[in-house]
Amino acid sequence: MKIIIPSHRRAATITTHRLLKNFAVCVPESQADEYRAVDGLGSAEVVTHPDSIIGLTPKLNWMLANLMDDEGIVFLDDDLAYLCRCFTTPEEAATRKITDPETIEAIIRQTYDLAASAGAFYFGWETSEATIRYYSGLEPFKLTGYINGCAKGFRRGHGLRYDERIVAKDDYDIACANALRHRICFRDTRYAFCQKATFTGAGGLSHYRNSETENRDVEILRQKYGDVIQVGKQVGATTPVP
C-alpha cells in the first residue's frame, strides 16, 4: 500500500511529510526541484505528473491510474498537522495528538486491514477533531457516510473514478460514487487527521476554487445524486445524507 501526498505550489509550506517515513509526494514536473529541496523531503520519493494535468480531480485520477500498488493507495493532504485520538477524555487531552510517524503509519495500515476484512474498497477516518464530542465508544467503526478528502484510501479493485468537472467537492462525489457501486465504505472513527486552517493558504486548490466553482460543484452533485445532497445555510456547505 502506497501513501501519497499530492501537492501543488506548496513546497514552502508542506507539513504532512513530517508525520511519515514511508511516502511519496506527487507534484507537477515543473515543481519537482522545489520539493526535492525541502528539508525532510530529501530521502522521500518525489513523483511527478505532466504539467498538463491541471486541477485536483484530474490529478487524483492520474494517481489512481499510475501510482497504486498491489494493495491500494492512501492520499493525505499536504497541510496535515497531526492525527487525533477521538476516543480520549478531557483528562487525556495531553495525549490526544499523534505526530510519531511509526504510530501514524501503523494506524493507517490497521485501517486498511480492517477495511479489507470488511470488504470495503474506500476507507478513511473521522472528518475532524470536533467529532470528539460525539464519540461514545459504541461505534468505533462505521460502514456508511462521508470521508473527509484530506485523508482517504482505496483498495485495489475499487473501480472508482473522480468526476473531473468538479473542482473542489471531489470527496462528496467519490463518497456517493462509492456508495452506488459498493454500498459500504470503512470509517475508522477512533481517529481524525487534522489540517492547518483551510481555505486560507496559498497553493493547492486556492488557484482554482472560488464561490462560483463551489456553487457549480454543488449543482453537478445534485444533478448526479439528487436529494442525497443537501446544501446548508453556508454557501457551498454540502452534506451527503449517510
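Buried here means under 20% relative accessible area and exposed means over 50%, with partly exposed in between, using a 1.4 Å probe and protein chains only. By that yardstick T57 is buried, because its relative accessible area is 2%. Before going further, a word on what you're looking at: this is a predicted model, where local features need pLDDT of at least 70, side-chain atom pairs count only at pLDDT 80 or more, and totals for chains, interfaces and linings use all residues. Residues are numbered from 1 along each chain as its sequence is written, and side-chain values use heavy atoms, with hydrogens and water left out.

How confident is the predictor? The score to look at is pLDDT, the predictor's confidence in each residue, from 0 to 100. Its mean for the protein is 91, and 90% of the residues reach 70 or more. Over residues 234-239, though, the pLDDT is below 50, and this stretch has 18 contacts in the model beyond near neighbours in sequence; a contact is a case of heavy atoms within 4.5 Å. Where pLDDT is low, the predicted coordinates should not be read in detail.

Back to T57, which lies in helix α2. Helices (H or I, at least four residues) and strands (E, at least two) are DSSP runs, numbered from the N terminus. Setting aside residues up to four places away in sequence, T57 touches Y162, D163, E164, I166 and D170. The whole helix, residues 56-66, is largely enclosed by the rest of the structure, because eight of its eleven residues are buried. Those eight are T57, P58, K59, L60, N61, W62, M63 and L64. The cover over them includes strands β1, β2, β3 (45-49), β4 and β9 (151-155), along with helix α4.

Helix α4 deserves a look of its own. It runs over residues 170-182, and its 13 residues reach 18 Å from first C-alpha to last, close to the 18 Å expected at 1.5 Å a residue; the expected span is 1.5 Å times one less than the number of residues. Like α2, α4 is mostly covered, with ten of its 13 residues buried. Among them are the run from D170 to N178, and H182. Just after α4 comes R183, with a positive phi near 75°. R183 sits in the loop between α4 and β10, and it counts as exposed because its relative accessible area is 59%.

Now for the inside. A nonpolar core is a set of buried Ala, Val, Leu, Ile, Met, Phe, Trp, Tyr and Cys residues joined through side-chain atoms within 4.5 Å. The largest one has 34 residues, of which L20, L76, I108, W125 and F193 touch the most other members. Several elements give two or more residues to it, including β1 (2-6), β4 (72-76), α3 (101-118) and β10 (186-195). The most comes from α3, which gives five. Apart from this core lies another, of 28 residues, including L60, L64, M68 and I174. For a feel of the packing in the largest core, try L76: neighbours within four places aside, L76 is in contact with I3, I4, I5, P6, T16, L20, I108, C150, A151 and F193.

What does the side chain of R190 make a polar contact with? R190 is in strand β10, and it counts as buried because its relative accessible area is 17%. Its side chain makes a polar contact with the side chain of Q110, at 2.8 Å. A polar contact is a pair of N or O atoms within 3.5 Å; within protein, one must be able to donate a hydrogen and the other to accept it, and residues adjacent in sequence count only if both atoms are side-chain atoms. Beyond four places in sequence, R190 touches C84, R85, C86, F87, Q110, L114, Y135, P140 and F141.

What about disulfides? Taking a disulfide as a pair of cysteine sulfur atoms within 2.5 Å, the count comes to zero. For C26, the nearest cysteine sulfur is that of C150, 18 Å away, and C26 is buried at 0% relative accessible area. C150 has the sulfur of C194 as its nearest, 7.9 Å away, and C150 is buried too, at 3%.

Finally, the loop between β1 and β2 holds A12, which is exposed at 79% relative accessible area. The C-alpha atoms of A12 and Y35 are 8.3 Å apart, with their positions 23 residues apart along the chain. R9 is in that loop as well, exposed at 52%, and its phi is near 55°, a positive value in a residue other than glycine.
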